[in-house]
Amino acid sequence: LLGHFDTGLSDAELVLKKDAGLANALEARAVALVGLGRLEDSLPAFEAVAAAGRRSAAQHWMGAVQLTLGRAAAAEALFREVVASSGAPPATSVSSR
């Protein structure tokens, strides 16, 4: 991708036509959507990444997207799921400031 998000999106979609469940292509597609500013479209794309076995990475990206969209509570919930799945101890809430 490296800044060429429109090309990255096209390339990912070509690969996905041949193998709709390929995690690398699904993630490339979702990241390209973020790079193109299509944040709402990226959320279901990251759900597909999660379904393809990259749940933690997808949740991290979805949290960042939710935060960018001004949805702090949704972002925090996603980030907490990432931490919980990593086995790290839970942190205190930052939204209560």
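## A tour of the five helices

Val31 sits in helix H2 (residues 23-35). Helices here are DSSP runs of H or I with at least four residues, strands are runs of E with at least two, and both are numbered from the N terminus. This is a predicted model, in which local features need pLDDT of at least 70, side-chain atom pairs count only at pLDDT 80 or more, and totals for chains, interfaces and linings use all residues. Residues are numbered from 1 along each chain as its sequence is written, and side-chain values use heavy atoms, with hydrogens and water left out.

**Stop 1: Val31.** Select Val31 in H2. Val31 has a relative accessible area of 16% and is therefore buried; buried means under 20% relative accessible area, exposed means over 50%, and partly exposed lies in between, with a 1.4 Å probe and protein chains only. Now add Trp61: the two residues are 30 positions apart in sequence, and their C-alpha atoms are 8.4 Å apart.

**Stop 2: the whole chain.** Zoom out and show the cartoon. There are five helices and zero strands, in the order α-α-α-α-α along the sequence. The C-alpha trace spans about 45 × 25 × 20 Å along its principal axes. Of the 97 residues, 30% are buried. Among contacts (heavy atoms within 4.5 Å) with a separation of 6 or more, 35% join residues 24 or more positions apart.

Switch to the surface. The accessible surface is about 5,900 Å², and carbon and sulfur atoms hold 59% of that; areas come from the Shrake-Rupley method with a 1.4 Å probe, and for residues only the protein chains shown count as cover. Colouring by charge picks out 9 positive and 10 negative side chains, with the centres of the two sets 2 Å apart. Lys and Arg count as positive and Asp and Glu as negative, while His and the chain ends are not counted. Each charge is placed at NZ of Lys, CZ of Arg, CG of Asp or CD of Glu.

**Stop 3: H1.** Select residues 5-18, which form helix H1. From first C-alpha to last, its 14 residues reach 20 Å, close to the 20 Å expected at 1.5 Å a residue; the expected span is 1.5 Å times one less than the number of residues. Gly8, Leu9, Ala12 and Leu16 are the residues to colour as buried in H1. They cover an arc of only 100° around the axis, so they are on the same side of H1. The arc is that of the directions from the helix axis to the C-beta atoms. These buried residues pack against H2. Turn to the other side of H1 for the exposed residues Asp6, Leu14, Lys17 and Lys18.

**Stop 4: H3.** Helix H3 covers residues 39-51. Its 13 residues should span 18 Å at 1.5 Å a residue, and the end C-alpha atoms are 19 Å apart, which agrees. Its buried residues are Leu39, Ser42, Leu43, Ala45, Phe46, Val49 and Ala50, and they pack against H2 and H4. After H3, look at Gly53, where phi is positive, near 105°.

Within H3, centre on Leu43. Its relative accessibility is 12%, so Leu43 counts as buried. Leaving out residues up to four places away in sequence, Leu43 touches Met62, Val65, Gln66, Leu69 and Arg71. For a distance back to H1, pick Leu16: Leu43 is 27 residues from Leu16 in sequence and 17 Å from it in space, C-alpha to C-alpha.

**Stop 5: H5 and its cover.** Select residues 72-86, helix H5. Its 15 residues should span 21 Å at 1.5 Å a residue, and the end C-alpha atoms are 21 Å apart, which agrees. Ala75, Glu76, Leu78 and Val82 are buried in H5. Viewed down the axis, the buried residues of H5 fall within an arc of 165°, so they line one face of the helix. The face turned away from the buried side carries exposed Ala73 and Ala84. Helix H4 (55-68) is included in what covers the buried residues of H5.

Which residues does Val82 contact beyond its neighbours within four places in sequence? Show Ser56, Gln59 and His60. Val82 has a relative accessible area of 15% and so is buried. Moving to Gln59 takes the view into H4. Gln59 has 3% relative accessibility and therefore counts as buried; beyond four places in sequence, Gln59 touches Leu78, Glu81 and Val82.

**Last stop: Gly87.** Just after H5, Gly87 takes a positive phi of about 85°.
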